[in-house]
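This report introduces a single molecular structure to a reader who has not met it before. It treats the nonpolar cores and the salt bridges in turn.

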Amino acid sequence: MSLLENAVAQEQRRIEYMIEKYETELADLPKGVLIAKMIKGNQYYYLQYRSGKKTISEYIGRKSDKVGKVQQQIERRRHIQSMLKALSEEYATAQKMMEVCI
């Protein structure tokens, strides 16, 4: 195995590890968006997401630490999803490089 093939194979293993790690973390994060509703002068927050064809609104509460935490988790989920997209593109490039090397 040449030096280039070895480097590409090592990069593929790193990408596979990162994808697995991100997918595991993604499973624990909430999906959807945070929606604020004004009801009788009070603002309430809901986590809204789709489950099949249904739209689910899950009550979070009033403005509190829990709302902030859920918002951070949603932002983390979006970041991880963009990282997964970039990693899958890198993996495809590595696959093409391995085909050229062989």
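How many salt bridges does the structure hold? It holds three salt bridges, a salt bridge being a side-chain nitrogen of Lys or Arg within 4 Å of a carboxyl oxygen of Asp or Glu. The model is predicted, so local features need pLDDT of at least 70 and side-chain atom pairs count only at pLDDT 80 or more, whereas totals for chains, interfaces and linings use all residues. Residues are numbered from 1 along each chain as its sequence is written, and side-chain values use heavy atoms, with hydrogens and water left out.

**Salt bridges**

| Acidic residue | Basic residue | Closest N and O atoms |
|---|---|---|
| Glu11 | Arg14 | 2.7 Å |
| Glu90 | Arg14 | 3.5 Å |
| Glu25 | Arg76 | 2.8 Å |

Arg76 lies in helix H2 and Glu25 in helix H1, so their salt bridge ties together parts that are 51 residues apart in sequence. Helices here are DSSP runs (H or I, at least four residues), numbered from the N terminus. Arg76 has a relative accessible area of 33% and is partly exposed; Glu25, at 27%, is partly exposed as well. In these terms, buried means under 20% relative accessible area, exposed over 50%, and partly exposed in between (1.4 Å probe, protein chains only).

Glu11, Arg14 and Glu90 are linked in a network of salt bridges. Within helix H1, Glu11 and Arg14 are three residues apart, which means that about one helical turn separates them. Glu11 is partly exposed at 29% relative accessibility, and Arg14 is partly exposed at 38%. The pair of Glu90 and Arg14 links distant parts of the chain, since Glu90 is in helix H2 and Arg14 in helix H1, 76 residues apart. Glu90 is partly exposed, with a relative accessible area of 37%.

**Nonpolar cores**

In soluble globular proteins, nonpolar side chains tend to be buried together. A nonpolar core is a set of buried Ala, Val, Leu, Ile, Met, Phe, Trp, Tyr and Cys residues joined through side-chain atoms within 4.5 Å. The largest such core here has nine residues: Ile15, Met18, Ile19, Tyr22, Leu26, Leu29, Ile80, Leu84 and Leu87. Helix H1 (3-28) and helix H2 (65-101) are the elements that give two or more residues to this core. H1 gives the most, with five residues. Apart from this core lies another, of six residues, including Leu47, Ile60, Val70 and Ile74.

Leu84, a member of the largest core, touches Ile19, Tyr22, Glu23 and Leu26, not counting residues up to four places away in sequence. Contact here means heavy atoms within 4.5 Å.
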